[in-house]
Amino acid sequence: MPATSVMTTEQIKVTRRRPVSEDRRQHLPARPLDPDPAPLAPAIALITTGAHTGCPLVTADELGVPVAGWTYCGPGEDGPTFADTVEAFAQADGVGAIAACVDAIGTDLDGRALMRAAQAASGAGRPLVVLATGADRVIDAVLRQAGVIRVEGFDQLLDCAATLARFPRPAQRPGPVRIAADSGGAATLLADLARRAGLEVEDAGHAPDITELAARPGAGMLLYAVTETGSSGEWTAAALVEAARESDTPIGVVWCSSGGTETGYRLILQRSPEIATFRTLTNAVAAAKAYYDHCDYRFRIPSLVEDNAMAGVKARQILTSGGAPGTVRKRDTDPAKGLSESQTHQLLRAYGIRTPREQLVTSAAWAVRAAATIGYPVVMKASVAGLPSASAAGLTRTTITSASQVRENFKDLMDSAGRQGYGTLDGVLIGQQITGGVDTMVGIRRDDRFGPAVVVGVGGAYAETLGDVAIRVAPFDAHQAHRMLDELHCLPLLTTAGADLEALADTILRVQRMALDLGDVLESFDIAPLRVLGRGGGTVALDASAHLIVR
């Protein structure tokens, strides 16, 4: 399908969409004739990458959403990419928001370009709303952290984009959404839906005095459901339009009619550039959530973890020097592909991530002295380069309480490593045994489209197996680190135990700093388990593994 706006990488020319062809006019909904033009409402821009351009355009016409221009930039098209198009529309005059229908968003995607474009759009006050297929966990995370609104249908795409285009950006964080209706039942249902969506709600209930309702301070938005859509509905619609003209509070109206052809809807509400109109309660709540999420994104002050240059320098020294006494020899394993647990713990400490008190020893006598210094009970682990997990390989011993047990287990670990073909180890780690707390995992994953990503989950090494993880692509800020925790289904395990969530969020940011510093050499990195202690107790990395990029 050819595009109806002309775009190049150097410039964008936003034009009105072409008239509907005669053979398609019969499919458009009939509207009452009105000789007077409606006031201009802020318009949206439409981008499509698939063969479904007609549907959003027809839906926009049905919903009365003005379209400033649209562009097709799908496969096989010469010209700007999807990211280029978003950036261009973000700077175009007459555009209040950008709506995008994207096929196979994960295919042939320049991930960093998409992040930059989405952040540029949100920063310019032209938020990006996306209806996409082919997404995955990483792309979902990228869209959220870049301020992109994700929707699930063409009508929701247009409703959310039109609301964001139409409502002015507040000078401060908006207050709760005020819910009201011309009937108590509709107000209660709308308020329940808004609370389920995570919105802070002020339930005004049955409120016929619309002028007073809109003038009342404290709300960030007013959502009003009109259930009586006959002649009384026309009066209600006119009162809402008048209130929107006089009030600084954005007003959204749900017209609860199956037809949507009434005068109150077609000729009063849809003609008002100040009011956002909806045909369903769910879309109204989705649009309100999009508005609050966008405001939240704009009012956040990014607070990236401090760039500690010395941490990066120390980390690279650890990677290049071997970081430990002894010679690393492992059967069928290239040492360049992985690090020993001693090295991974040194990396953690370089970034200020706490590990148990520990010593790397190479003799039984040394092990006994180290255990006495650290204090019983202790944990003993074989330290072998490239070994994904000492625990999984059966090379960990816990709850060691005496010198005789230290000697016995030192010999046993050395013999076990030899039987498995590991040869000479770095040594054995004698570490403090940590009690209490909740096990989590924090790790680094390399994504071919976006680069280093950070994952967090509850349940230690089993978190990803259970599928309960949250992901963000570096760089991100402290707010996003806390949002990651909020997304975990098992978060109640942490909150019920009184776990130190601030310390866990801080650890996520420190791991992110490692990902940014070592993104060219780290294929993956896992702290599993990362023990989160009680409030004020911080976190302790009990086990860690790393794999390097093989060039």
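This report covers strand 11, its neighbours, one helix residue and the cavities of a predicted model.

## Strand 11: buried on both faces

Strand 11 spans residues 251-255. Of its 5 residues, 5 are buried, so the strand is largely enclosed by the rest of the structure. The cover is two-sided. Ile251, Val253 and Trp255 are buried on one side. Gly252 and Val254 are buried on the other.

## Pairing with strand 10

Strand 10 covers residues 221-226. It runs parallel to strand 11, and 5 bridges join the two. Within this pairing, Tyr224 stands opposite Val253 of strand 11. The connection goes through helix 9: the chain leaves strand 10, passes along that helix and arrives at strand 11. This β-α-β crossover is right-handed.

## Pairing with strand 12

Strand 12 comprises residues 275-278. It also pairs with strand 11 in the parallel sense, here over 4 bridges. Gly252 of strand 11 has Ala276 of strand 12 as its bridge partner.

Here the linking helix is helix 10, residues 263-269. Together, strand 11, helix 10 and strand 12 form a right-handed β-α-β unit.

## Thr236 on helix 9

Helix 9 runs over residues 231-246, and Thr236 is part of it. Is Thr236 buried or exposed? Its relative accessibility is 7%. The cut-off for buried is under 20%, so Thr236 counts as buried.

Which residues does Thr236 touch, leaving out those up to four places away in sequence? They are Ile210, Tyr224 and Val226. Tyr224 links this helix residue to the strand pairing described above, as Tyr224 is the residue opposite Val253. Val226 falls within strand 10, which ends at residue 226.

## Cavities

How many cavities of 30 Å³ or more does the structure hold? There are 3. The largest cavity has about 110 Å³ of space. It is lined by 14 residues. Those closest to its centre are Leu63, Val65, Ala162, Arg166 and Thr277.

Two elements give two or more residues to this lining: helix 6 (154-166) and strand 12. Strand 12 is thus named twice in this report: as a parallel partner of strand 11, and as a contributor to the lining of the largest cavity. By class, the lining of the largest cavity holds 7 nonpolar, 4 polar and 3 charged residues.

Conventions
Residues are numbered from 1 along each chain as its sequence is written. This is a predicted model: local features need pLDDT of at least 70, side-chain atom pairs count only at pLDDT 80 or more; totals for chains, interfaces and linings use all residues. Side-chain values use heavy atoms; hydrogens and water are left out. Buried means under 20% relative accessible area, exposed over 50%, partly exposed in between (1.4 Å probe, protein chains only). Contact means heavy atoms within 4.5 Å. Two strands pair if DSSP finds at least two bridges between them. A crossover is right-handed if, with the strands pointing away from the viewer, the path from the first strand over the helix to the second runs clockwise. On a 1 Å grid over the protein atoms alone, a cavity is a set of points where a 1.4 Å probe fits but cannot get out, and a pocket is an open set with protein on both sides within 12 Å along at least five of seven lines; lining residues have an atom within 4 Å of a point. Grid points are joined across faces, edges and corners, and a volume is the space filled by probe spheres set on the points. Ala, Val, Leu, Ile, Met, Phe, Trp, Tyr, Cys and Pro count as nonpolar, Asp, Glu, Lys and Arg as charged, and the others, Gly among them, as polar.
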